[in-house]
Amino acid sequence: MECVFGLVGNGFAIVAADTSAVHSILVHKSNEDKIMILDSHKLIAASGEPGDRVQFTEYIQKNVALYQFRNGIPLTAVAAANFTRGELATALRKNPYFVNILLAGYDKETGPSLYYIDYIATLHKVEKGAFGYGSYFSLSMMDRHFHSGMSVEEAIDLVDKCILEIRSRLVVAPPNFVIKIVDKDGAREYAWRESVKEAVAV
Amino acid sequence: MARYDRAITVFSPDGHLFQVEYALEAVRKGNAAVGVRGTDVVVLGVEKKSTAKLQDSRTVRKIVSLDDHIALVCAGLKADARVLVNRARIECQSHRLTVEDPVTVEYITRYIAGLQQKYTQSGGVRPFGLSTLIVGFDPYTGIPSLYQTDPSGAFSAWKANATGRNSNSMREFLEKNYKETSGQETVKLAIRALLEVVESGGKNIEIAVMTKEHGLRQLEEAEIDAIVAEIEAEKAAAETAKKAPPKET
C-alpha cells in the first residue's frame with residue numbers, strides 16, 4: 001500500500017513517499033517518483049489511483065504555472081492548497097479523483113507549510129501528516145519524536161525512523177522511498193532510501 | 001466602397017476584406033515595436049509613450065512572456081492584446097499538459113495567427129486590431145526564432161522586423177544595417193532601429209532580451225540609457241570621421 005508522509009521543520013518542509021507502482025500482486029516498478037515539484041518552492045506528494053494521481057497533479061501544476069505567467073508572481077502555498085482542494089471538491093460529486101495529497105511549500109513571508117488534502121477534499125494545515133496504511137506507523141513515530149522547529153538532520157532522522165517502522169511492521173511494505181525537501185532555496189530531491197535496486201539494462 | 005466595409009464576412013468586388021485592412025490601420029497607429037534575432041539572443045523593443053505622472057508604470061508592461069522560453073510584443077489595440085496573450089498562455093500550458101513538451105515558437109505563432117484568422121471569418125465579430133512579434137528558443141534545438149503575425153492571420157519568420165508606428169522606416173533601417181550578431185550587438189541593433197523613430201532616452205524605450213539560459217530579462221532604464229549613450233557616441237564619431245577627409249584635400 002502506498003505510504004506518503006511529511007513534516008515541517010525549522011525553515012523547511014520535508015515529504016517522503018514510497019516508490020512502488022503496484023497493480024494487484026505485480027510490482028510494475030520500484031522507482032516511481034510520486035512527489036511532483038509543483039513550482040520552484042512547492043512539492044506535491046500524492047498517493048492513490050495511479051492514473052488519477054498523474055492526471056490531477058499535472059493539471060494542478062500547469063494551472064499553477066499559468067497563474068504565474070498571468071500575474072507575474074507565483075501562488076502562495078496556502079493559495080495553491082486551496083486551489084487544489086477546490087478542484088477536488090468540484091469533481092467530487094461528479095467524477096471524483098482518488099488522490100490523497102500532501103502539499104509542502106515555502107513562502108518568503110510565512111516560511112514553510114504543509115497541507116493535508118485528502119481525496120474527498122478535506123484541507124488541513126498541519127505540522128506533520130501521513131496517508132495510507134503506513135500512516136498508522138509513521139504518525140505514531142512522529143507523535144513520539146516530532147517537536148516544533150526540528151533541524152534538517154533531526155527531521156531526516158525521524159523520516160528514517162518512520163521508514164524503518166513501515167518496513168518492519170507493514171506486511172506489504174514498499175522497499176524504496178524518495179525524500180524531497182523545500183526551503184528558501186527551493187524544492188528539490190533530498191535522497192532515496194532503497195533496499196531493492198530497480199534492475200537497469202546494462 | 002462604403003457598402004463593402006461594414007461586415008467582416010463580405011468581400012469587396014476587387015477582393016479586399018476592408019475590416020481586416022482597417023485593422024491593419026489600427027496597427028499602424030500603435031506604438032513602434034521591433035524584434036531582432038541574433039545567434040544566441042533575441043531582442044524585443046517597444047516605444048514607451050511618456051507615462052502620465054499619476055500612472056504606475058509598472059502595471060503597463062508591453063513585453064510579456066507567454067512561457068519560460070517565449071515572449072511577445074504587440075502593436076495596436078492593447079485590450080485585444082490582453083485577450084490574445086491570455087489565450088496563448090493557456091495554450092502553452094495546455095500543450096505542456098497534453099504532450100509533455102513545451103511549445104515551439106512556430107507552434108504558438110501558428111496558434112495565435114489561427115485565432116486572429118478565425119475572427120476574420122465569423123459573423124458578428126471584428127478582427128483583433130494588433131500585430132504581434134513573437135520570439136523564443138526552440139526547446140530542444142536551442143535555435144532562436146522571431147515571428148510576426150497580423151490581423152489577417154498571416155504569419156512568417158523574420159531575421160528582424162518592426163511593426164506599429166513608422167514601421168516602414170525601422171524596417172528600412174534594419175534591411176540596410178542587419179547582419180548576424182550576438183549578445184550586446186543584437187541589443188544595440190534593436191535600440192538603433194527604435195531610435196530612428198522614437199525620442200532618445202531610457203524612459204521612452206522598453207527593451208527585453210531573451211537568452212536560452214536565463215529566459216526573458218527586461219533591461220533597466222539605466223542600462224538602456226547607457227547603451228543609448230554608446231550609440232550616440234558611435235554616431236558622433238562616425239560623423240566626425242565623415243567630416244575629416246574633405247579638410248585634408
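Which backbone oxygen does the side chain of Asn204(B) reach? The partner is the backbone oxygen of Glu199(B), at 3.5 Å. Keep in mind that this is a predicted model.

Where does Asn204(B) sit in the chain? Look in the loop between helix H5 (184-195) and strand S9 (205-211) of chain B. Asn204(B) is buried, because its relative accessibility is 13% and the cut-off for buried is under 20%. Now set aside its neighbours within four places in sequence. Asn204(B) is then in contact with Val46(B), Glu47(B), Lys48(B), Val198(B) and Glu199(B). Glu199(B) thus appears in that list and also supplies the backbone oxygen.

Next, turn to the meeting of the two chains. The size of an interface is often given as the accessible area lost when the parts come together. Here chain A and chain B bury about 870 Å² between them. Carbon and sulfur atoms account for 61% of that area. In chain A, the residues that lose the most area to chain B are Lys62(A), Phe69(A) and Arg70(A). Together they make up 68% of what that side buries. By class, the side of chain A that touches chain B has four nonpolar, no polar and three charged residues.

How many residues take part on each side? Seven residues of chain A are in contact with eleven residues of chain B. Two residue pairs are in polar contact between the chains. The rule finds zero salt bridges across this interface.

Salt bridges do occur in the structure. Side chains of opposite charge can pair when their charged atoms come close. Over all chains, the count comes to 25 salt bridges. Take Lys180(A) and Asp33(A): their closest N and O atoms are 2.7 Å apart. Lys180(A) lies in strand S11 (residues 177-183) of chain A, and Asp33(A) lies in the loop between strand S4 (26-29) and strand S5 (35-39), so the pair ties together parts that are 147 residues apart in sequence. Lys180(A) is buried, at 4% relative accessibility. Asp33(A) is partly exposed, at 33% relative accessible area.

A second pair in chain A is Asp143(A) with Lys128(A), at 3.4 Å from N to O. Asp143(A) is in helix H3 (residues 134-145) and Lys128(A) is in strand S10 (residues 128-131), so this salt bridge ties together parts that are 15 residues apart in sequence. Asp143(A) is exposed, at 55% relative accessibility. Lys128(A) is partly exposed, with a relative accessible area of 26%.

Asp185(A) and Lys184(A) also meet in a salt bridge, at 3.5 Å from N to O. Both of these residues are exposed. Chain B has a network too. Salt bridges link Glu185(B), Lys188(B), Glu230(B) and Glu234(B).

Finally, look at the cysteines. The structure holds zero disulfides over all chains. Why does Cys3(A) have no bond to Cys162(A)? The sulfur of Cys162(A) is the closest cysteine sulfur to that of Cys3(A), but the gap is 11 Å, too far for a bond. A disulfide needs the two sulfur atoms within 2.5 Å. In chain B, the sulfur of Cys74(B) has its closest cysteine sulfur in Cys92(B), 15 Å away, and that is too far as well. Are these two residues, Cys3(A) and Cys74(B), buried or exposed? Cys3(A) is buried, with a relative accessible area of 1%. Cys74(B) is buried too, at 5%.

Methods: Residues are numbered from 1 along each chain as its sequence is written. Chains are lettered from A and ligands numbered from 1 in the order in which they are written. This is a predicted model: local features need pLDDT of at least 70, side-chain atom pairs count only at pLDDT 80 or more; totals for chains, interfaces and linings use all residues. Side-chain values use heavy atoms; hydrogens and water are left out. Contact means heavy atoms within 4.5 Å. Buried area is the accessible area (1.4 Å probe) that two parts lose on being put together, summed over both. A salt bridge is a side-chain nitrogen of Lys or Arg within 4 Å of a carboxyl oxygen of Asp or Glu. A polar contact is a pair of N or O atoms within 3.5 Å; within protein, one must be able to donate a hydrogen and the other to accept it, and residues adjacent in sequence count only if both atoms are side-chain atoms. Ala, Val, Leu, Ile, Met, Phe, Trp, Tyr, Cys and Pro count as nonpolar, Asp, Glu, Lys and Arg as charged, and the others, Gly among them, as polar. Buried means under 20% relative accessible area, exposed over 50%, partly exposed in between (1.4 Å probe, protein chains only). Helices (H or I, at least four residues) and strands (E, at least two) are DSSP runs, numbered from the N terminus.
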